[in-house]
Amino acid sequence: MHLRKLRSKPVTRVAVTALVCSAALLDASLAAAADGGPKTFSADALPTWQTEGIVWSMAAANGVVYVGGSFEAVRPPGAAPGRKLVARRNFAAFDAATGKLLPCAPPFTGHNHTVRAMKASPDGRVLYIGGSFDTVGSEKAANVVALNTSDCSLRKDFRPAVSSTVRAVEPTNQAIYLGGDFGRVSGQARSRIAALTPKGALLPFAAELDQPVRALSAALPQGRLFVGGDFERVNGQSARSLVTLNPVTGATVLAYPGWFPSQSSVKTIAQDNSRFFVGAEGHGPGIYDGRIAGRTATGLMVWNDTCRGATQSVLPYNGVLYSASHAHDCNETPGGFPDRGDRQHFLAQRVEDRRILHWFPDTDGGLGEQVGPRALVASKGFLWAGGEFTEVNESPQQGLTRFGDKDTGAPEEPPTLSLSAAEPGKVTLAWRAAWDRDDALLTYRIYRDGKLVVHKAKSSAFWDRPKMTWTDTVPAGSRHQYAIEVTDGSNASARSRALTVNVPKRPAQTANAPAQGAPAQGAQTAQQGQPGQPSQSVPPAHRRTGGKR
C-alpha cells in the first residue's frame with residue numbers, strides 16, 4: 001500500500017511522556033520496559049557511499065557487501081547528486097565494516113540493465129546474481145551469472161540461459177534455485193521457478209506457478225523450499241502468494257490458506273534457526289502488508305503483525321527482525337503506533353512475539369515507486385540498507401546507508417522552556433517532550449541560574465510527545481534564569497536558551513489587601529533569551545500560557 005508522505009519532516013522517534021517524582025532515581029519499571037528487548041543496532045547512520053539510482057538487491061560474503069540495482073555511478077559520502085562520480089553500472093562492492101568502495105565492478109548491461117537478486121553460496125566463494133541483463137563486462141549472459149568472490153571473476157561453468165527477469169536467487173550446496181518472470185531455462189520449459197547445479201546444469205525440479213516468483217528461502221534439512229510471489233495457483237491448486245515445495249521434485253508440500261488475501265504479494269522471505277519470516281505488499285482494500293513468522297519444521301504460524309505499509313525486505317539478526325517497509329499504521333501490534341499520515345521506513349521487532357522495539361531510523365520515499373528502502377543485509381556487525389531513498393534521518397543520502405553499534409545521536413527536537421504559571425514562592429515551567437531514534441528513556445535536566453536543580457526521566461513513544469511541567473519553589477520577589485537539556489544517557493542536546501522569570505512578591509497585608517496568593521499588580525514577568533535582555537509580560541498568576549505543543 002502506497003501513501004503520499006504528508007509531512008515535510010519525518011517524526012520518527014520515541015519521546016518522554018511525563019516526569020518521575022524522584023529527582024535522583026529513574027523509575028525501575030520503566031527502565032526495565034525500555035530494555036525489554038534484544039539489543040538493536042544504533043539508529044545513527046554512518047557515512048556511506050551513495051548510488052546515482054535505485055538499489056534493488058544486496059548480498060554479503062567474506063566481509064564484502066555487494067549492491068545491485070539500476071544505477072550508472074556511485075559517489076562518496078556527503079557528495080551531492082552528480083558530483084565526484086565513480087562509474088559503477090548496476091553493481092558495486094564495499095567493505096562491510098569500513099564502507100570503502102572496492103574495485104570489484106563488472107558492469108551489467110543490456111535488456112533492462114538491472115540487477116534484481118543476489119546471494120552468496122553457503123561457503124561464500126560464489127556470488128549468484130540475477131536480474132534483467134544480457135552482458136556482464138564483455139561477456140554475454142542471459143539474466144543470471146555467478147561471480148567468484150575471491151577475484152571478482154565470472155564463472156564460465158555457470159551460464160544458464162534464462163528467458164526473462166530473475167527476481168530471486170537461493171544457492172544451496174546441492175542446487176541453485178531461481179525465481180522470477182521466466183518461462184524457459186536453458187531451452188527447457190520452467191514456469192517461473194527452476195533449479196540448477198552449482199555448475200549451471202538444469203535439474204529435473206519443476207513446478208507450475210501462474211504469476212512471478214519474488215522470494216525464495218531453502219530449508220533443506222526439513223525438506224522445504226519456501227516460495228513467495230504474486231501467484232494464485234501452484235501445481236494446479238490454489239496457493240496464494242506463499243507455498244512450500246519439495247526442493248528435489250518441485251511438488252507442493254504445504255500451502256498457506258488464509259494467510260494472504262487477494263492483491264497481496266510476498267516480497268521477502270528469511271529464516272533463523274527455527275522460524276521463517278515473510279513480508280508482504282498489497283494494493284487496494286482489504287490487503288495484507290505486514291510480517292508473519294512461522295515454524296520452519298511445521299509451517300504453523302507463530303505470529304503476524306497488522307502494520308499497514310508494504311514490506312520489501314526482512315532480516316532476522318540476533319533475536320531482532322529488521323524490516324524495510326513504509327509502515328504507517330501499527331496500532332494493533334504491540335509497541336506499535338497509530339496512523340498519523342506519515343511513514344516509518346525501518347522497523348525492528350522481537351522475533352519471539354512481534355513486539356516493535358525502540359529503533360526508528362528513517363528515510364524518505366525517494367525515487368521510483370517511492371517506497372524507500374528495498375533491501376537489507378548484515379555483515380561484520382553492520383546493518384546495510386539499500387533502496388530508492390534520497391534522505392536518511394532527514395539528511396541527504398541516496399540509495400545506500402548503514403548502521404553500527406555505537407549510539408552517537410543526541411535526542412531530536414530538544415525542548416525549550418516556557419512559563420506556565422508563577423505565584424509568590426512558586427514557578428511552574430512547561431516544555432514539549434523531545435524524542436530519540438534508538439532510546440526510549442530520556443532524562444531532562446533543568447538548571448536554575450546555571451546550576452542543576454532537578455533531573456527527571458520517563459519513557460514514551462514518538463507518536464505521543466506531550467507537554468510536560470515542573471514546579472520550582474523559590475523566594476517570593478526573586479528573579480531567576482531557567483534552562484533545560486535532554487540526554488539519552490550517552491548523548492545530550494545543547495542547553496536551551498535561558499528563560500528569565502521574575503517571581504511575584506507577596507502582597508502587603510492591609511485591611512483592603514487581596515488574600516494571600518492573589519496576583520500583585522505588574523509583579524511577574526518572564527523573558528526567554530540571553531541574560532540582560534528586556535523582560536516580557538506574562539499572564540496573571542495561575543493562568544497557563546500556551547507552551548509548545
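The largest pocket of this predicted model has a volume of about 1,400 Å³, taken as the space filled by probe spheres set on grid points joined across faces, edges and corners. A pocket here is an open set of points on a 1 Å grid over the protein atoms alone, where a 1.4 Å probe fits, with protein on both sides within 12 Å along at least five of seven lines; lining residues have an atom within 4 Å of a point. Among the 44 lining residues, Met58, Met118, Lys119, Ile269 and Leu376 come closest to the pocket centre. By class, the lining holds 24 nonpolar, 10 polar and 10 charged residues.

Local features need pLDDT of at least 70 and side-chain atom pairs pLDDT 80 or more, while totals for chains, interfaces and linings use all residues. Residues are numbered from 1 along each chain as its sequence is written, and side-chain values use heavy atoms, with hydrogens and water left out.

Turning to the interior, the largest nonpolar core (buried Ala, Val, Leu, Ile, Met, Phe, Trp, Tyr and Cys residues joined through side-chain atoms within 4.5 Å; buried means under 20% relative accessible area with a 1.4 Å probe, protein chains only) has 21 residues. Val427, Leu429, Trp431, Tyr444, Ile446 and Tyr482 touch the most other members. Another core, of 20 residues, lies apart from it and includes Ala93, Met118, Phe133 and Leu154.

Strands (DSSP E runs of at least two residues, numbered from the N terminus) pair if DSSP finds at least two bridges between them. One open sheet of four strands is ordered β18-β19-β22-β23, with antiparallel pairing. Since β18 and β23 (252-255) are edge strands with a single partner each, one side of each is left without a neighbour in the sheet.

Methods
Buried means under 20% relative accessible area, exposed over 50%, partly exposed in between (1.4 Å probe, protein chains only). Ala, Val, Leu, Ile, Met, Phe, Trp, Tyr, Cys and Pro count as nonpolar, Asp, Glu, Lys and Arg as charged, and the others, Gly among them, as polar.
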